[in-house]
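Me: I should like to learn how to read a protein structure, feature by feature. Please give the general idea at each step and then turn to the case at hand.

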Amino acid sequence: MSTAQPAEMSGTTPAGVPAASRASAGRSPGSRSEGRTLGVFSQGFLVLWACMAAGPLLWAAMSSLKTDGQILESPWSLPTSLNWENWVRAWNGAHIGEYTLNSLVVVIPSVLGTMLLGSMTAYVLARFEFPGNRFIYYLFVGGMTFPVIMAIVPLFFVMKNLSLLSTPHGLILAYIAYSLPFTTFFMTAFFRTLPGAIAEAAMIDGASHARVFFQVMLPMAKPGLVSIGIFNFLGQWNQYLLPIALNTEDPDKALLTQGLATLAVSQGYKGDWSGLFAGLTIATLPVLVVYTVFQRQVQAGLTSGALK
Amino acid sequence: MATDSRVVADETTAGTAKGPGVGGFAASRHYRTFVKYRFIAGFLAFPLALYGVFVISPFFQTFYYSLTDWTGYSSDFAFIGLDNFGRLLEDGLFWKALGHNLVLLVCLPLLALGLGLFFAFMLNVGGRHARGEAAAGVRGSHIYKIVYFFPQVLSVAIIAVLWGNIYNPQGGLLNGVLNAVGLSSLEQNWLGDPGLALSCVLAVMVWANVGFYVVLFSAAMGSIPRDIYEAVLLDGASRMTTFFRITLPLIRDTVQTGWVYAGIMALETCFAYVHIMTVNQGGPNYSTLVLPVYLYNKAFRDGQAGYATAVGVALLLVTMLFAVVAMGLGRRRDRIEF
């Protein structure tokens with residue numbers, strides 16, 4: 001009956017009022033409660049994942065301060081006493097300090113080299129017309145898509161023939177070469193967006209091409225350089241495949257990633273879990289601190305590749 | 001003729017005598033072109049040489065060596081045609097490794113992108129409609145993004161060593177937690193169980209990459225104009241509808257790129273996880289073997305460099321097939337501008 005003439009009923013009979021209010025205004029309280037459940041629900045999931053993301057790292061930090069007995073007995077509990085000597089043992093005895101230094105010796109020059117060579121290539125490709133420009137561009141872009149592991153066997157022998165195996169400068173050259181495709185691709189896009197007027201003005205004033213690049217264009221490209229610099233630093237710092245294939249002769253020269261993987265095996269045999277966790281925490285902490293300070297730039301830098 | 005050229009020569013010498021830049025060759029168009037090409041060559045020479053020696057040449061050498069029986073220990077080898085590829089077809093371990101790669105290729109993008117989209121949507125649009133905004137982010141979305149991104153800045157080596165210990169049946173976190181909440185019946189020898197090991201590796205890869213997609217999709221969702229959400233809300237759309245009809249179509253390009261990233265990760269970056277975390281690098285009983293690890297072991301452990309490069313060629317083929325499929329499936333007929 002009420003469904004036959006709802007409009008008429010709702011206005012006249014009191015029985016129609018709740019029906020009408022349910023029909024017309026019903027959406028707002030309904031969606032508000034839906035919003036509230038969803039809000040609680042989504043907050044719950046978000047908190048859960050936050051715990052899952054940070055939990056393992058906190059657990060490693062916690063375990064690094066326990067004794068081996070405590071770790072095996074109750075992996076879940078807080079340390080009863082702070083055993084900082086685990087950290088000392090990891091830094092000195094397990095060579096984490098040495099490995100960190102080895103990594104820095106390779107990664108700092110290679111990031112700087114990548115930035116310099118990458119932006120030089122990108123600048124020329126973005127702002128000069130010459131025969132072969134497109135060919136070289138696609139040569140670099142093509143390099144982004146093919147698997148590094150595929151080239152690793154011939155690369156090993158190329159390096160061997162040039163006596164670059166297990167040397168810092170050999171690794172630096174390999175790191176730069178494999179970082180060039182993405183750096184060039186990214187910076188080419190960036191240089192294309194920069195206005196040309198300032199460069200032209202500098203040319204008219206008699207500046208050379210090289211000077212225009214270093215003193216005018218490179219400073220203008222700073223936001224792009226920061227993004228790609230962070231991207232390259234983290235990528236090269238975290239590189240695992242290239243060092244374990246190309247830097248194996250001398251265990252003392254191992255990079256941090258190699259060293260940690262070896263440490264996991266050797267400390268596992270020795271049962272020195274606390275030393276291993278201390279090593280992990282030492283390797284993790286500086287990266288996380290730097291990230292937390294520069295998190296906006298780091299997030300932008302690491303996702304820059306996918307957003308371009 | 002002769003006099004003409006002498007006149008030109010006289011002019012140029014006179015020009016240079018007057019000083020550079022005033023006239024003559026130094027100011028001519030040819031000179032400018034010469035300077036330009038000298039600059040281009042100077043800037044490109046070293047990067048191109050480096051790239052050619054370390055990237056391009058190994059890439060092509062891979063195809064060449066895949067046709068040889070090279071061991072890698074000595075410099076002599078014989079040309080054996082397609083024998084290596086014939087051997088691949090009958091190599092049970094190769095197919096097993098390829099199968100594991102395909103499992104990762106399907107599951108990793110599905111889980112990592114799925115969770116990434118879910119969390120990004122919750123962070124950006126999931127909040128209550130306080131402050132009169134149509135689409136509000138949840139409180140503290142900034143903090144969540146920082147924490148979610150933690151695994152992304154750590155090296156795969158750290159993550160793999162850490163998770164190897166979390167899965168460790170002796171004093172590992174996972175069994176410890178299960179024990180603590182009274183689910184000790186679920187305790188497992190995680191990485192030691194051939195039936196579970198690959199799922200464990202997959203779980204770590206998902207864990208490590210969700211944060212990247214949350215940040216990536218958040219950025220994409222942030223660029224969707226708010227008035228679209230307002231309009232949808234006025235029309236009474238639920239959050240589910242909003243997500244599937246508005247948000248997802250508008251960030252489709254980013255999702256597609258993310259999918260390609262995750263796929264390449266499943267095919268290649270799985271190397272470090274499997275190499276560090278699993279028993280005997282691909283075990284137990286080859287249950288976590290993937291193509292990159294198989295290639296590495298063949299080349300650097302078994303002395304079969306030629307055969308390893310053939311595995312590399314196969315891996316390239318799979319990668320290219322995936323890229324074609326991913327691009328083809330994601331192609332849209334119409335572009336939405338906003």
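**Reading a two-chain model**

Reply: In chain B, 67% of the contacts with a separation of 6 or more are made by residues 24 or more positions apart. Please keep in mind throughout that this is a predicted model.

Me: What is the corresponding share in chain A for residues 24 or more positions apart?

Reply: In chain A, such residues account for 68% of the contacts with a separation of 6 or more.

Me: How many helices and strands does chain B have, and how many are there in chain A?

Reply: One begins with the inventory of elements. Chain B contains 14 helices and zero strands, and its elements, read from the N terminus, run α-α-α-α-α-α-α-α-α-α-α-α-α-α. Chain A contains 16 helices, again with zero strands.

Me: What share of each chain is buried, and how much surface does each expose?

Reply: Burial is judged residue by residue, and the surface is then taken for the chain. Of the 338 residues in chain B, 50% are buried; for the 308 residues of chain A the figure is 52%. The exposed surface of chain B is about 15800 Å², with 63% supplied by carbon and sulfur atoms. For chain A the accessible surface is about 14400 Å², and carbon and sulfur atoms hold 68% of it.

Me: How should I read the interface, and what area is buried between chain B and chain A?

Reply: The size of an interface is often expressed as the accessible area that is lost when the parts come together. Here, about 8200 Å² is buried between chain B and chain A, and carbon and sulfur atoms give 80% of that area. On the side of chain B, the residues that lose the most area to chain A are Phe43(B), Tyr51(B) and Phe54(B), which together give 9% of what that side buries. In terms of contacts, 92 residues of chain B meet 92 residues of chain A.

Me: Which polar interactions are counted between chain B and chain A, and how many salt bridges?

Reply: These two kinds of interaction are counted separately. There are 11 residue pairs in polar contact between the chains, both members being at pLDDT 80 or more, while the count of salt bridges between chain B and chain A is zero. Helix H2 of chain B (residues 29-65) provides the largest share of the side that touches chain A, namely 23 residues. By class, that side comprises 64 nonpolar, 22 polar and six charged residues.

Me: Where, then, are salt bridges found, and how many does the structure hold?

Reply: The search is extended to every chain. Over all chains the structure holds two salt bridges. Asp302(B) pairs with Lys298(B), with the closest N and O atoms 3.5 Å apart, and Asp302(B) also meets Arg301(B) at 3.2 Å, N to O. Through shared partners, Lys298(B), Arg301(B) and Asp302(B) are joined into one network.

Me: Are the members of that network, Lys298(B), Arg301(B) and Asp302(B), buried or exposed?

Reply: The relative accessible area decides the class. Lys298(B) counts as buried because its relative accessibility is 12%, under the 20% cut-off. Arg301(B) is exposed, since its value is 51%, over the 50% cut-off. Asp302(B), at 32%, is partly exposed.

Me: How does one describe the surroundings of a buried polar residue, and which residues are in contact with Asn101(B)?

Reply: One takes location, burial and partners in turn. Asn101(B) is placed in helix H4 of chain B (residues 92-125) and counts as buried, because its relative accessibility is 0%. A polar atom of the Asn101(B) side chain lies 3.1 Å from the backbone oxygen of Ala266(B). Leaving aside neighbours within four places in sequence, Asn101(B) is in contact with Ala266(B), Leu267(B), Cys270(B), Val290(B), Leu291(B) and Pro292(B).

Me: What does Trp87(A) touch beyond its neighbours in sequence?

Reply: The same steps may be followed for a residue of the other chain. Trp87(A) belongs to helix H5 of chain A (residues 85-93). Not counting residues up to four places away, Trp87(A) touches Ser64(A), Leu65(A), Ala278(A), Thr281(A), Ile282(A) and Leu285(A). With Ser64(A) there is a polar contact between side chains at 3.0 Å; the two residues are 23 apart along the chain, with their C-alpha atoms separated by 7.3 Å.

Me: Where is Asn189(B) placed?

Reply: Asn189(B) is in the loop between helix H8 (173-180) and helix H9 (197-222) of chain B. Asn189(B) counts as partly exposed because its relative accessibility is 42%. Asn189(B) and Tyr167(B) are 22 residues apart in sequence, and 7.5 Å separates their C-alpha atoms.

Methods:
Residues numbered from 1 in each chain as written. Chains lettered and ligands numbered in written order. Predicted model: local features only at pLDDT ≥ 70, side-chain atom pairs only at ≥ 80, totals over all residues. Heavy atoms only, no water. Contact = heavy atoms within 4.5 Å. Buried area = accessible area lost by both parts, 1.4 Å probe. Salt bridge = Lys/Arg side-chain N within 4 Å of Asp/Glu carboxyl O. Polar contact = N/O pair within 3.5 Å; in protein donor to acceptor, adjacent residues only side chain to side chain. Helix = DSSP H or I, 4+ residues; strand = E, 2+ residues; numbered from the N terminus. Nonpolar A, V, L, I, M, F, W, Y, C, P; charged D, E, K, R; others polar. Buried < 20%, exposed > 50% of the residue type's maximum accessible area, 1.4 Å probe, protein only. Areas by Shrake-Rupley, 256 points an atom, 1.4 Å probe, with all protein chains shown as cover.
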